[in-house]
Amino acid sequence: MNTIENNPPAEHEYREFFDGVIETTLKSALKIAASDPKLAVAGAKILYHQKKAAKTRRGYEKEGITVPAVMMTALTSGCNLSCRGCYMRTLRREPAPDMTKEQLSGLIAQAKDLGVSVVVFAGGEPLMRLPEISGYARKYPEILFPVFTNGLLIDENIADEIAACKNIVPMMSFEGPEEDTDRRRGPGTYEKLEAACTRLSERKVFFGCSVMVTSGNIGTVTGDSFITGMIEKDIRTFVFVEYVPIEEGTEDLVLTEDQRSELREKIRVFCDRYPALFIGFPGEEDAYGGCLAAGRGFVHVSPSGKLEPCPAAPFSDADLTKIPLKEALGSELLEKIRREHNLLVETNGGCALWANREWVEGLTEKGGPD
């Protein structure tokens with residue numbers, strides 16, 4: 001998550017620093033959603049819970065258990081698209097079976113009890129399991145559930161179901177303008193995404209877009225015409241994801257150091273200029289003294305239930321279908337990465353763990369993805 005601070009806090013303070021960034025982001029979202037009383041009430045409840053959850057996490061930290069504020073969960077390896085360069089297809093060529101409803105339900109309950117504030121759902125295509133997502137949203141209205149989706153399943157019925165849960169925030173994938181989006185995701189995709197935006201807007205859903213930023217498209221996706229065009233579609237959150245060269249031969253798409261600095265500066269400017277949230281991922285990790293993965297700020301759960309340090313580092317020594325989340329957070333792999341986090345500063349490639357994947361893989365007995 002991007003910050004406006006340039007001086008990294010002392011190691012013992014970084015967690016409070018990250019909690020403060022989350023709180024500030026939620027407050028900004030509340031201001032943007034203030035015109036809708038229902039959204040404002042839901043947002044206030046989430047903000048209040050974040051403060052309580054942060055206190056819960058600090059309590060566990062005193063017991064030697066590192067609980068992250070954010071848990072990213074890939075709900076399924078299945079998808080209704082076959083996009084060029086898809087991370088899921090590249091990293092998990094032979095995916096294991098997805099977690100069952102019972103296993104996933106138990107995981108979300110454990111996360112809530114441990115003080116996780118934000119549960120991010122991704123995939124594959126997470127809306128293939130929308131009934132479960134909306135069920136969690138209703139059961140835990142104090143937790144924020146961003147859902148990173150290709151958006152193509154959002155018809156009238158699904159839009160209704162999402163609108164009924166004010167703590168669900170759909171984040172639809174755009175590659176930029178129509179030509180760029182259709183080139184990667186298939187002809188007609190952009191038009192369908194526009195229709196999905198209209199359905200969500202009509203129902204006053206707070207939603208956003210996720211944009212993969214490469215050395216080739218940074219000028220376009222951070223241009224004022226693209227930003228204003230998205231805001232006209234009622235998009236209120238932008239997540240700029242720096243490209244990670246997981247697919248061999250795509251290293252030239254990685255942002256240069258100058259481009260990464262440019263992206264961070266533009267995010268700061270956009271936050272002041274436009275009525276929307278702007279977040280960079282992985283963002284300025286040096287502000288936290290190193291990588292936020294492995295539980296320092298977030299963890300990742302694979303579709304089959306393996307607890308992993310990061311979506312771009314599919315290595316695990318803990319299976320959440322066999323052991324509780326609390327125990328898994330203390331896994332040897334995660335603890336080793338946390339101890340060496342100061343070495344995992346941002347590198348060419350947008351992800352320090354991926355850049356050092358041989359080292360990460362060497363920390364596990366088996367290594368490798370599911």
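**Exercise 1. Determine in which sense strands β3 and β4 pair, and over how many bridges.**

Solution. Strand β3 (residues 145–149) and strand β4 (residues 168–174) pair in the parallel sense over 5 bridges, where two strands pair if DSSP finds at least two bridges between them, and where strands (E, at least two residues) and helices (H or I, at least four) are DSSP runs numbered from the N terminus. The model is a predicted one, in which local features need pLDDT of at least 70 and side-chain atom pairs count only at pLDDT 80 or more, while totals for chains, interfaces and linings use all residues. Residues are numbered from 1 along each chain as its sequence is written, and side-chain values use heavy atoms, with hydrogens and water left out.

To place the pairing on residues, take Phe145, whose bridge partner in β4 is Ile168. The chain then has to be followed from β3 through helix α6 (residues 156–163) to β4, a β-α-β crossover that is right-handed; the term applies if, with the strands pointing away from the viewer, the path from the first strand over the helix to the second runs clockwise. Strand β4 also pairs with strand β5 (residues 208–213), in the parallel sense and over 4 bridges, and here Met172 has Cys209 as its bridge partner in β5.

**Exercise 2. Work out which residues of β4 are buried on one side and which on the other.**

Solution. Begin with the general pattern: in a regular strand the side chains alternate between the two faces of the sheet. In β4, Ile168, Pro170, Met172 and Phe174 lie on one side, and Val169, Met171 and Ser173 on the other. Both faces are covered, and 7 of the 7 residues of the strand are buried, that is, under 20% relative accessible area, with exposed meaning over 50% and partly exposed in between (1.4 Å probe, protein chains only).

**Exercise 3. Identify the residues with the most contacts inside the largest nonpolar core, and list what Phe145 touches.**

Solution. The largest nonpolar core has 109 residues, and those with the most contacts inside it are Met71, Phe145, Phe238 and Leu307. Such a core is a set of buried Ala, Val, Leu, Ile, Met, Phe, Trp, Tyr and Cys residues joined through side-chain atoms within 4.5 Å. Helix α1 gives the most to this core, with 6 residues.

For Phe145, residues up to four places away in sequence are not counted, and what remains is Ile108, Val119, Phe121, Tyr136, Ala137, Tyr140, Asn167, Ile168 and Val169, a contact being heavy atoms within 4.5 Å.

**Exercise 4. Classify the ring pair of Phe238 and Phe240, and find the aromatic cluster to which these residues belong.**

Solution. The ring centres of Phe238 and Phe240 are 6.3 Å apart and their planes stand at 20 degrees, so the pair is stacked. The rule is that rings of Phe, Tyr and Trp (its six-membered ring) pair if their centres lie within 6.5 Å, with planes under 30 degrees apart counted as stacked, over 60 as edge-to-face and the rest as tilted. Phe238 counts as buried at 0% relative accessibility, and Phe240 likewise counts as buried at 0%. Both residues belong to one aromatic cluster together with Phe270, Tyr274 and Phe278, and a search of the whole structure finds 10 aromatic pairs.

**Exercise 5. Describe where the salt bridges Lys27–Glu23 and Glu242–Arg260 lie in the chain, and state whether Lys27 and Glu242 are buried or partly exposed.**

Solution. A salt bridge is a side-chain nitrogen of Lys or Arg within 4 Å of a carboxyl oxygen of Asp or Glu. Lys27 and Glu23 meet in such a bridge at 3.2 Å, N to O; both lie in helix α1 (residues 14–32), 4 residues apart, about one turn of the helix. Lys27 is partly exposed, with a relative accessible area of 39%.

In the second bridge, the closest N and O atoms of Glu242 and Arg260 are 3.0 Å apart. This pair links distant parts of the chain, with Glu242 in strand β6 (residues 237–242) and Arg260 in helix α11 (residues 257–273), 18 residues apart. Glu242 is buried, with a relative accessible area of 4%, and Arg260 is buried as well, at 1%.
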